[in-house]
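Subject: Structure for you to look at

Dear colleague,

I am handing over the structure below, and after it I set out what was found on going through it. Please read my notes with the sequence and the model open beside you.

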Amino acid sequence: MAEAVRTGLGLTGGEAAELFERQSRAGGIAARLPRGGVAGHWLDDGRLKVAVTDQGTAEVVRSLGAEPERVRRGREELEALLRWVEENATEAVVSWGIDPTKNAVVAVVDPAAGPGLPARDGVEVVEGEPGEFAQGDGGESWDWDDDGVVEVGLKDEQKVRPGGGWRERPFADCTIGFPVRDGTGSGHFLTAAHCMSEEEQRASVHTKNMGWQVVGKSNPGGHRRVFGEEGDFGLVSVADESEWDLSLRVETGRGGPEVEVDGHLSPIQGQAICFAGRVSGWNCGKVTGTDRSGRFGKEKTLLAGLFGTDMCVRKGDSGGPGISGRKGVGTVVGGNSRCDSGKPDRSYFTPLDRSLEKWGLKLVGAR
């Protein structure tokens, strides 16, 4: 993983390895933080910083190995400000969430869409645009037969791996997230819910040697799709595992090494992260915020429970896997990506741990 992120994060392999080791230790500390007196936490170069409201909590945080920072607003006050934003947000307010580094709620407002929010202490307003879903435009560029099956021949072993392409005819061109198993042992892969137009719709995946092949059905049973306050995620079932190899090995592209995912963790603001997209390939950056709400697409659909990053995502990357170290973190929803234009990129993911918990799933082969 350190070698794979070397270019994306501007680090040497050794520096990247040290960063992920610091992040791993910080994640363990974050899980032990006290609830009272803590207003939030984040990572700074892999080291955990914690916003605290009193000296006693600062001493506890320091004893755990983190760096405390005294702040004015506690968690309850920040959550009250967050509710105020939610209650007063017009459609011009396109995303919002608590930023622990600012000890405030940050709201992104599109000035072209009308009035945003009245001024209020503890709420910082910045300009931006509503997010776009990162799905491609469907099967128009491929030769589908009348039954919705792309006409290609079966040649070699078929692999379902994070970052590979998949398609639900003819509505979406997206990316495979994480292969998983449910409580019965059946195989699936996680991806974005907005890539699923109907229940039990045929889904095909793309492999290097064979092109597009039917792998199974999206939204099996009509109950494996979440699109709203819980996030934007769903399952594609694998119909015949004797024909498919479910793998957690991610290709990093451009001759880079593969990364094998061996578990999952929760996102933390400031965390180094990479993702694999069918169109964008391998990209790296940082988590810019957690527990974010935002509006997406032409209908400005409101989604909550997301985390943000500064990585570029393109059309066709929806559902792609976000990875930190060798741990899965989330799946791509979309964003406001300018991709090398000189403007900052905003992209959003659904946390992986939320998706796994929803249906009692486990990563394929993960310990």
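The link of Cys 274 and Cys 284 is right-handed, with 100° about the S-S bond, and the two sulfur atoms stand 2.1 Å apart. Because Cys 274 belongs to strand β21 (residues 272-277) and Cys 284 to strand β22, this pair ties together parts that are 10 residues apart in sequence. Cys 274 and Cys 284 are both buried. Please bear in mind that this is a predicted model, and that a search of the whole structure finds two disulfides.

The other pair is that of Cys 174 and Cys 195, whose sulfur atoms are 2.0 Å apart. The torsion about their S-S bond is about -95°, so this disulfide is left-handed. Cys 174 lies in strand β10 (residues 172-175), while Cys 195 lies in the loop between β12 (187-191) and β13 (201-207), and the pair therefore ties together parts that are 21 residues apart in sequence. Both of these cysteines, Cys 174 and Cys 195, are buried.

Strand β22 (residues 281-296) leads on to its neighbour β23, with which it pairs in the antiparallel sense over six bridges. The two strands form a hairpin with four residues between them, and in the turn Gly 297 has a positive phi of about 75°. Within this pairing, Phe 296 has Thr 301 of β23 as its bridge partner. β23 is also joined by three bridges to strand β26 (residues 346-351), again running antiparallel, and there Thr 309 stands opposite Ser 347 of β26. Seven of the nine residues of β23 (residues 301-309) are buried, so this strand is largely enclosed by the rest of the structure.

Turning to an earlier part of the chain, three strands form an open sheet of mixed pairing, in the order β1-β2-β3. β1 (38-44) and β3 (67-70) stand at the edges with a single partner strand each, so one side of each is left without a neighbour in the sheet. From one strand to the next the twist averages 25°. β1 pairs with strand β2 (residues 47-52) in the antiparallel sense over six bridges, and Val 38 has Val 52 in β2 as its bridge partner. Helix α3 (residues 55-64) lies across β1, β2 and β3, and runs at about 160° to β3.

The loop between β1 and β2 holds Gly 46, which is buried, with a relative accessible area of 2%. Leaving aside residues up to four places away in sequence, Gly 46 touches Leu 19, Arg 22, Gln 23 and Ala 26. Glu 18 is 28 residues from Gly 46 in sequence, yet the two are 8.7 Å apart in space, C-alpha to C-alpha.

Finally, there is helix α4 (residues 75-88), whose 14 residues should span 20 Å at 1.5 Å a residue, and its end C-alpha atoms are indeed 20 Å apart, which agrees. Its buried residues are Leu 78, Leu 81, Leu 82, Trp 84 and Val 85. Seen down the axis of α4, these fall within an arc of 160°, so they line one face of the helix. They are covered by parts that include β1, β4 (93-99), β5 (104-109) and β6 (123-127), whereas the face of α4 turned away from the buried side carries the exposed residues Glu 76 and Glu 87.

With best wishes

Terms used
Residues are numbered from 1 along each chain as its sequence is written. This is a predicted model: local features need pLDDT of at least 70, side-chain atom pairs count only at pLDDT 80 or more; totals for chains, interfaces and linings use all residues. Side-chain values use heavy atoms; hydrogens and water are left out. Two strands pair if DSSP finds at least two bridges between them. Axes are lines fitted to C-alpha atoms, for helices over the stretch in contact, and angles run from 0 to 180 degrees between N-to-C directions. Contact means heavy atoms within 4.5 Å. The expected span of a helix is 1.5 Å times one less than its number of residues. Buried means under 20% relative accessible area, exposed over 50%, partly exposed in between (1.4 Å probe, protein chains only). The arc is that of the directions from the helix axis to the C-beta atoms. A disulfide is a pair of cysteine sulfur atoms within 2.5 Å.
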